[in-house]
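Here is a small set of exercises to work through with a structure viewer open. Try each task on your own before reading the solution below it.

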Amino acid sequence: MTINRKWAERNLGFDPIATPAPAATFAFAAAAKPSSSLEDFQREIIDFDSEAPAGKEFMAFSTATGLTRFTDIPWPKGLAPKTGNAPSGRAGGPLPRADVLAVTWTVDEGHALSRVLTPGKDSRNDYRPYTHNFATISKKMRAGCPAMEAKRLGAYWTTSIGGKRVVVFKSESHMSQDGPGLANEDVWRQIIGEVQPKLVLTTGTSGGIGKPWEVGDVVVSPIVRFDCKSKFKNEPFHNAHYSSVASNAKYFAQAKGLFKANAGQLPKDNTRPPKIARVAPGALASSVVTTDFFGFDTSDNHYGLQGLGDESEMGDAVLGLVAKQMGTKAPRWLAVRNVSDPQIKAEGTLRQQAALAAQIYKGFGRWSSVCSAIVCWALIAAE
């Protein structure tokens, strides 16, 4: 699927170029200005909160729906997520140990993942702040980045699925935001060392590369690769790729059936139910691509993403980098990414294309993230 302004008008109720959304609908004020940069749209995607005042304004302006429309998922018997009690241990201490560590990134991804995996506990309102070694790690961060503004590295809660213990972690640290240093590498190394999981999942939204993808599709990849052309272009890892082990598809058929409970909130232009694409360990051309710039696939392949992978995002390859550094002590890991915005038609300016991608995320990022959260459930249940 290649989308354009007409697609946005049909599915969001407005054309982001002809009728820009009001400033009150933006979480990051600079993104609402005519002079906004592509990086401002990137920050808008990270900060946008459909449950906050700006999110409510966006719902009122558009035809998008919020998670008040969420339908409880009819889990298979004995495999429903069981939200844990308040985590024990001192405030500011390390994360608890668990079998699985599931990490997500943007505010709305956090809402969706917590709604699915920790029913009754929300990542913004209820999760415990994670500040362990914040003073040390934050020295690598720039003023104004999400972690510095939140004064924490993330927030977390625990759950269990089929007897497997899980730490669900909403990160405030982002490769693209923290600064010229790679503080996110330190965060990954620390939280993996504390949880000591057998499996690590990094999950959330992404841009589809090429025409096969629709909003809500999920790619499960044991391969991540860097495509750094900006601040990390001179680093040794700038074009490196990393591999883990194949995903266990035992519950994928059930997961696709569970999508149905909330699939009605996805774009009406979708031509089919969301699919799950399982990437084989050696299929480099189907990897998840981590850029160090706000890149998205366009019909004219402006950023050269086509042929590099199936989806693009801005952080998962850091997990692969850390796992390689850990050697034989590294846990298994997978990138579980949903398509929040498909390929964008190359019309108008690049800034206008970026604005379109950002508004589509704001309309459907949480609902597509429900799909990837259900796939995380399937992977945990199969452990």
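The exercises below deal with a predicted model, and each one is followed by a worked solution.

**Exercise 1. The largest cavity**

Task: Find how much space lies in the largest cavity, and describe its lining by residue, element and class.

Solution:
- Step 1. Start with the count, which comes to 4 cavities of 30 Å³ or more.
- Step 2. Take the volume of the largest cavity, about 390 Å³.
- Step 3. List the lining of the largest cavity: it has 28 residues, and Ile45, Thr205, Glu313, Met314 and Arg337 lie nearest the centre.
- Step 4. Assign the lining to elements. At least two residues each come from α2 (38-47), β7 (199-208), β13 (309-313), β14 (332-341) and α10 (350-381).
- Step 5. Sort the lining of the largest cavity by class, which gives 14 polar, 10 nonpolar and 4 charged residues.

**Exercise 2. The second largest cavity**

Task: Which residues line the second largest cavity, and which element gives the largest share of them?

Solution:
- Step 1. The second largest cavity holds about 50 Å³ of space.
- Step 2. Its lining consists of Arg5, Ile17, Ile344, Lys345, Glu347, Gly348, Gln352, Gln353 and Leu356.
- Step 3. Helix α10 gives the largest share of that lining, with 3 residues.
- Step 4. By class, the lining of the second largest cavity splits into 3 charged, 3 polar and 3 nonpolar residues.

**Exercise 3. Cysteines without partners**

Task: Count the disulfides, then explain why cysteine 145 and cysteine 371 form no bond with the closest cysteine.

Solution:
- Step 1. Fix the cut-off: a disulfide needs two cysteine sulfur atoms within 2.5 Å.
- Step 2. Apply the cut-off to the model, and the count is 0 disulfides.
- Step 3. Check cysteine 145. Its closest cysteine sulfur is in cysteine 228, 18 Å away, so the two are too far apart for a bond.
- Step 4. Check cysteine 371. The closest cysteine sulfur, in cysteine 376, is 11 Å away, so this pair is also too far apart for a bond.
- Step 5. Add the surroundings: cysteine 145 is buried at 0% relative accessibility, and cysteine 371 is buried with a relative accessible area of 4%.

**Exercise 4. Nonpolar cores**

Task: How many residues does the largest nonpolar core have, and which of them have the most contacts inside it?

Solution:
- Step 1. The largest nonpolar core has 77 residues.
- Step 2. The residues with the most contacts inside this core are Val116, Leu201, Val220, Ile374, Val375 and Trp377.
- Step 3. Helix α10 supplies the largest share of this core, 20 residues.
- Step 4. Now look at one member. Leaving out residues up to four places away in sequence, valine 116 touches Phe70, Ile73, Trp75, Pro81, Val370, Ala373 and Ile374.
- Step 5. Another core lies apart from this one and has 40 residues, including Phe134, Ala147, Ile191 and Ala240.

**Exercise 5. How α2 sits in the model**

Task: Is α2 mostly covered or uncovered, and which helices do its buried residues pack against?

Solution:
- Step 1. Of the 10 residues of α2, 8 are buried, which makes this helix mostly covered.
- Step 2. The buried residues of α2 are Leu38, Asp40, Phe41, Gln42, Arg43, Glu44, Ile45 and Ile46.
- Step 3. These buried residues pack against α4 (107-117), α6 (146-150) and α10.
- Step 4. Follow Ile45 and Ile46 outward: threonine 106 is in contact with both, and also with Lys170 and Tyr361, leaving aside neighbours within four places in sequence.
- Step 5. Threonine 106 lies in the loop between β3 (100-104) and α4, and is buried at 5% relative accessibility.

**Exercise 6. Positive phi in loops**

Task: Where do asparagine 133 and glutamine 196 lie, and what is phi in asparagine 133 and in glutamine 196?

Solution:
- Step 1. Asparagine 133 is in the loop between β4 (128-130) and α5 (134-137).
- Step 2. Phi of asparagine 133 is positive, about 60°, although this residue is not a glycine.
- Step 3. Asparagine 133 is partly exposed, with a relative accessible area of 37%.
- Step 4. Glutamine 196 is in the loop between α7 (183-195) and β7.
- Step 5. Phi of glutamine 196 is also positive, near 50°, and this residue is partly exposed at 44% relative accessible area.

How values were computed
Residues numbered from 1 in each chain as written. Predicted model: local features only at pLDDT ≥ 70, side-chain atom pairs only at ≥ 80, totals over all residues. Heavy atoms only, no water. 1 Å grid on protein atoms, 1.4 Å probe; cavity = no way out; pocket = protein on both sides within 12 Å on 5 of 7 lines; lining within 4 Å. Points joined across faces, edges and corners; volume = space filled by probe spheres on them. Helix = DSSP H or I, 4+ residues; strand = E, 2+ residues; numbered from the N terminus. Nonpolar A, V, L, I, M, F, W, Y, C, P; charged D, E, K, R; others polar. Buried < 20%, exposed > 50% of the residue type's maximum accessible area, 1.4 Å probe, protein only. Core = buried A, V, L, I, M, F, W, Y, C linked by side-chain atoms within 4.5 Å. Contact = heavy atoms within 4.5 Å.
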